Amino acid sequence: MLEKKIDEYISLLPDKNCLWFNHEWWSAKKFGELAQECTDVLRASGFSEGQRLAVLMPNSPMTLALMYATWNLGGVFCPLNEKTGEISLLKTLKLLKPFAVILSESVKRELETALKNSGWVCSRFYTTKFNGIENFKGVTAPVDDFDKTLAVIFSTSGTTGDPKAVPLTHENILDNINACLEHVPDLNPENSLLNVLPNFHAFGFTICCVLPFVLRASQVLIENFMPPSNTLRAFEEAKPDVLLLVPTMFSFITSMLERQGKKLTGIKLLIAGGDRYNTKIDDRVTAAFGVPVIEGYGVTECSPVLAVNPKPSVRKLGTVGPALPRFELQLRDESGKILTDKNEGVLWTKGPSVTSGYYHAPEINHERFQDGWFNTGDYVQIDEDGYIKILDRVTDIIIVGGFNVYPQEVEAVLSEHPAVNTAVVVGMPNDMSGEVPKAFIIPEKGVEVSERELVNFCKERLSHYKVPRAVEFVESLPLSSTGKILRRVLRQKEREKING
């Protein structure tokens with residue numbers, strides 16, 4: 001059992017530059033002063049041990065200071081996407097019951113009014129103004145489920161459309177960070193890590209935001225990745241040497257560097273996570289950034305990193321590496337039966353990084369947790385060296401006439417075609433076979449290809465039931481705030497077309 005809380009690590013930062021933001025380096029002393037001001041304001045406003053603080057704010061020193069202040073007072077930090085729609089946000093707040101909702105200056109006044117009309121206390125904390133924060137009066141009702149071990153609650157969309165919340169303790173997060181540092185030997189206090197992934201997302205929060213504090217390394221804090229040109233300028237000005245990105249970000253930056261005839265220098269480590277890394281562009285990424293990518297894998301419920309290739313010299317391209325220390329793994333079938341004679345199946349895991357269960361969701365907990373084991377929902381293959389290959393989300397599997405089709409296999413074949421830039425395959429309803437695959441294709445610029453040509457290309461390389469029955473050419477694909485392709489949106493659109 002770890003005895004420290006995360007704020008104890010932050011309070012002991014050496015007085016050196018700890019973060020860069022908006023063309024300026026902040027010393028630990030300067031950050032500490034802002035964190036203390038936030039602590040004083042929250043205390044004066046009635047915030048106390050066990051309370052939850054909801055924060056709708058982009059990446060900024062103010063976000064980090066509020067995080068520290070919340071923990072310093074024994075509370076629970078609840079980072080939310082400031083672009084969340086009103087209906088979804090109100091459902092999430094009803095679940096979390098926060099002391100107050102902290103809004104950045106970019107949150108629309110209409111949303112603030114809707115929150116207040118629903119009974120939530122709101123206060124504006126600015127990401128560009130770091131002094132003179134005003135006190136406010138929060139909800140000081142008794143905490144009905146006090147848990148002093150909790151550090152953060154992440155909110156995600158559930159499969160039913162209702163919010164799903166993942167509570168993580170200080171021990172969960174610190175164990176995950178320590179496991180990462182044990183597993184990836186090239187991380188050290190002299191590094192400067194890029195923090196551009198949204199801090200309301202577990203990957204961006206634990207690895208980009210909190211890990212640098214624990215490691216005593218600095219971080220380059222960027223409010224948003226888009227537009228990529230601003231992110232590239234921050235690279236060149238602040239010079240982070242460890243870049244943590246989702247695969248779509250690698251594609252954006254690589255293409256931009258190629259157009260400009262540039263290459264980045266001084267990069268020591270590239271880590272990809274959050275979605276499938278396109279191995280087709282690996283040579284281009286290596287040339288643009290100067291070092292190869294090491295791919296990892298995680299889920300929010302695991303705080304979030306579960307596996308990663310330890311370093312470029314031992315990476316296995318197309319895998320997410322072996323599991324981190326202290327994670328136990330099991331392969332099971334879709335009914336939950338443990339598989340002992342196969343090297344692929346649904347991945348279940350347990351360990352000190354894994355949450356004990358969803359927040360106030362006994363029915364979902366019964367489905368996903370069993371005797372301390374957590375069902376990741378991912379169908380994987382594990383080789384003789386323990387390296388994990390993600391075959392698919394179980395919920396993304398397409399069942400064609402009783403045969404399982406894994407979209408990533410079909411996408412990998414389509415991506416081999418020189419006219420295909422990006423391929424995403426989803427299942428669409430079919431009266432005869434239950435489902436059939438459909439491919440959404442972003443073509444390479446200046447290269448023409450027909451639907452028939454791509455279907456024939458797949459027929460030559462795949463079993464007949466795996467071949468897409470339809471191909472749609474698109475200019476873009478629906479993405480989450482972290483750059484992950486939203487397959488469920490594509491599936492929903494197909495169902496809406498069929499249903500009229």
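**D378 and a three-stranded sheet**

Author: In this predicted model, the side chains of D378 and Y297 are joined by a polar contact of 2.5 Å.

Reader: Where does D378 lie?

Author: D378 is part of strand β18, which covers residues 373–382.

Reader: Is D378 buried or exposed?

Author: D378 is buried, because its relative accessible area is 4% and buried means under 20%.

Reader: What does D378 touch, leaving out residues up to four places away in sequence?

Author: D378 touches Y297, V299, G345, V346, L347, D392, R393 and V394.

Reader: New topic. In what order do the strands of the open sheet with β22 come?

Author: The order is β22-β23-β24, three strands with mixed pairing.

Reader: Why is one side of β22 left without a neighbour in the sheet?

Author: β22 (420–430) stands at an edge and has a single partner strand, so one side has no neighbour in the sheet. The same goes for β24 (470–473). On average, neighbouring strands here are turned by 25 degrees against each other, direction ignored.

Reader: In what sense do β23 and β24 pair?

Author: Parallel, over four bridges; β23 spans residues 434–443. I441 stands opposite F473 in β24.

Reader: And which helix packs on the sheet at about 130 degrees to β24?

Author: That is α13, residues 451–459, which touches β22, β23 and β24. Helix α14, residues 487–499, also packs on the sheet and touches β22, β23 and β24.

Reader: What angle does α14 make with β22?

Author: The direction of α14 makes about 50 degrees with that of β22.

Technical notes:
Residues numbered from 1 in each chain as written. Predicted model: local features only at pLDDT ≥ 70, side-chain atom pairs only at ≥ 80, totals over all residues. Heavy atoms only, no water. Helix = DSSP H or I, 4+ residues; strand = E, 2+ residues; numbered from the N terminus. Buried < 20%, exposed > 50% of the residue type's maximum accessible area, 1.4 Å probe, protein only. Polar contact = N/O pair within 3.5 Å; in protein donor to acceptor, adjacent residues only side chain to side chain. Contact = heavy atoms within 4.5 Å. Pairing = 2+ DSSP bridges. Axes fitted to C-alpha atoms, helices over the stretch in contact; angles between N-to-C directions.
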